[in-house]
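The following exercises concern a single protein chain and are to be solved with the sequence and the coordinates at hand. Each task is followed by a worked solution.

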Amino acid sequence: MDPTGGRNQYNTGGAKYGSGYCDAQCPVQTWKNGTLNTAGAGYCCNEMDILEANSRANAFTPHPCTSSDCDKGGCGFNPYAQGHKDYYGPGGTVDTSKPFTVITQFITNDGTTSGTLSQITQRKDGGQRRVRGDTLTADGCIAADPGAANFGGLPGMGKALGRGMVLTFAIWNDASQFMNWLDSGSNGPCNATEGDPALIQKNNPYTHVIFSNIRWGDIGSTFSSGAGAPQPGTSTTANPTITTTKASTTTAAGPMQTQ
């Protein structure tokens, strides 16, 4: 994704109006990198969902791509699906009715910025609680989504991150699947219909999310020593790689996404 949104002399709006947006779903939109998409072509690019969530469910998901297609399903990590059903939500270990911090660490096989991405570790902290991190390994990615191997898996995602990616924030809804893939059945506590956008807008018209204190940098550089100390069972002591820190709060059932 071009950071300017393909801004040019004929399209001065650029990224501000989303005219350069692309993702792993290869969306067909009015604009393709700032140019009118008269051919109706999809616009594919690597996508790393750092926090795909609402107030009751969450996941982080790599979506690597080849030159012509992407891993649309992705090899996501959803704590609820892993059996941690009281971990995330209003009143949970991570209490989403209050501000909480998300720290995502991209760790390479040799601990250097030029190494191969071997795992992604994410932890969520609320107040004084220090929550043990969730880790997605390269092998775990393939186990969760065998098709990811066709797109380079975690190492392929690491190459895209190394080239540079645009950080995107959005609040959106899902009129076709009601967000069931994120928060219903084995993935979350919501029923099959409460993610209907019409119901969200009727029952929670003030749904919103606040992102603040956004930082990125070498591992250990983006948080205070108390807030991000390595936890047992996680590998957060490698030499510097890319780290993304977010502080966010959700107040209703509407979905949010950061990439």
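A salt bridge is taken here as a side-chain nitrogen of Lys or Arg within 4 Å of a carboxyl oxygen of Asp or Glu. The model is a predicted one.

**Exercise 1. Salt bridges**

Determine how many salt bridges this rule gives, and state which parts of the chain are tied together by the pair of glutamate 194 and arginine 56.

Solution.

Step 1. Applying the rule gives three salt bridges.

Step 2. One of them joins the side chains of glutamate 194 and arginine 56, with an N to O distance of 2.8 Å. Glutamate 194 belongs to the loop between helix H3 (180–183) and helix H4 (197–203), while arginine 56 belongs to the loop between E3 and strand E4 (58–63); the pair therefore ties together parts that are 138 residues apart in sequence. Glutamate 194 is partly exposed, at 26% relative accessibility, and arginine 56 is partly exposed at 27%.

Step 3. Lysine 72 and aspartate 69 form another salt bridge, at 2.6 Å from N to O. Lysine 72 is partly exposed, with 35% relative accessibility, and aspartate 69 is partly exposed with 30%.

Step 4. Aspartate 125 and arginine 123 also meet through their side chains, at 3.0 Å from N to O. The cut-off for burial is under 20% relative accessible area. Aspartate 125, at 5%, is therefore buried, and arginine 123, at 7%, is buried as well.

**Exercise 2. The nonpolar cores**

Identify the residues with the most contacts inside the largest nonpolar core, and the elements that give two or more residues to this core.

Solution.

Step 1. The largest nonpolar core has 15 residues, and Met48, Leu117 and Ile120 have the most contacts inside it.

Step 2. Two or more residues of this core come from each of strand E3 (47–53), strand E8 (117–125) and helix H2 (153–163). H2 gives the most, namely four residues.

Step 3. Beyond its neighbours within four places in sequence, isoleucine 120 is in contact with residues including Met48, Phe60, Phe106, Leu136 and Leu154. Its contacts also include Pro62, Thr104, Gln105, Asp134 and Thr135.

Step 4. Another core, of seven residues, lies apart from the largest one; Leu51, Ala53, Val94 and Phe100 are among its members.

**Exercise 3. The packing of helix H2**

Against which elements do the buried residues of H2 pack?

Solution.

Step 1. The buried residues in H2 are Gly153, Leu154, Gly156, Met157, Gly158, Ala160 and Leu161.

Step 2. These buried residues pack against E3, E4, strand E7 (100–108), E8, E9 and H1.

Step 3. After H2 comes glycine 164, with a positive phi near 110°.

**Exercise 4. The largest pocket**

Characterise the largest pocket by its volume and by the classes of its lining residues.

Solution.

Step 1. The space in the largest pocket is about 530 Å³.

Step 2. The pocket is lined by 28 residues, of which Thr61, Gly73, Gly74, Gly76 and Trp181 are the closest to its centre.

Step 3. At least two lining residues are supplied by each of E3, E4, strand E9 (134–137), helix H1 (138–144) and H3.

Step 4. Sorted by class, the lining comprises nine nonpolar, 14 polar and five charged residues.

**Exercise 5. Positive phi outside glycine**

Where in the chain are asparagine 33 and phenylalanine 178 found?

Solution.

Step 1. Asparagine 33, although not a glycine, has a positive phi of about 50°. Asparagine 33 is found in the loop between strand E1 (31–32) and strand E2 (35–36), and at 30% relative accessibility it is partly exposed.

Step 2. Phenylalanine 178 likewise has a positive phi, near 55°, without being glycine. The loop between strand E10 (169–171) and H3 holds phenylalanine 178, which is partly exposed with a relative accessible area of 22%.

**Exercise 6. The chain as a whole**

How many helices and strands are there in the chain, and what percentage of its residues is buried?

Solution.

Step 1. The chain has four helices and 13 strands.

Step 2. Of its 259 residues, 47% are buried.

Step 3. Among contacts with a separation of 6 or more, 59% are between residues 24 or more positions apart.

Note on methods:
Residues numbered from 1 in each chain as written. Predicted model: local features only at pLDDT ≥ 70, side-chain atom pairs only at ≥ 80, totals over all residues. Heavy atoms only, no water. Core = buried A, V, L, I, M, F, W, Y, C linked by side-chain atoms within 4.5 Å. Buried < 20%, exposed > 50% of the residue type's maximum accessible area, 1.4 Å probe, protein only. Contact = heavy atoms within 4.5 Å. 1 Å grid on protein atoms, 1.4 Å probe; cavity = no way out; pocket = protein on both sides within 12 Å on 5 of 7 lines; lining within 4 Å. Points joined across faces, edges and corners; volume = space filled by probe spheres on them. Nonpolar A, V, L, I, M, F, W, Y, C, P; charged D, E, K, R; others polar.
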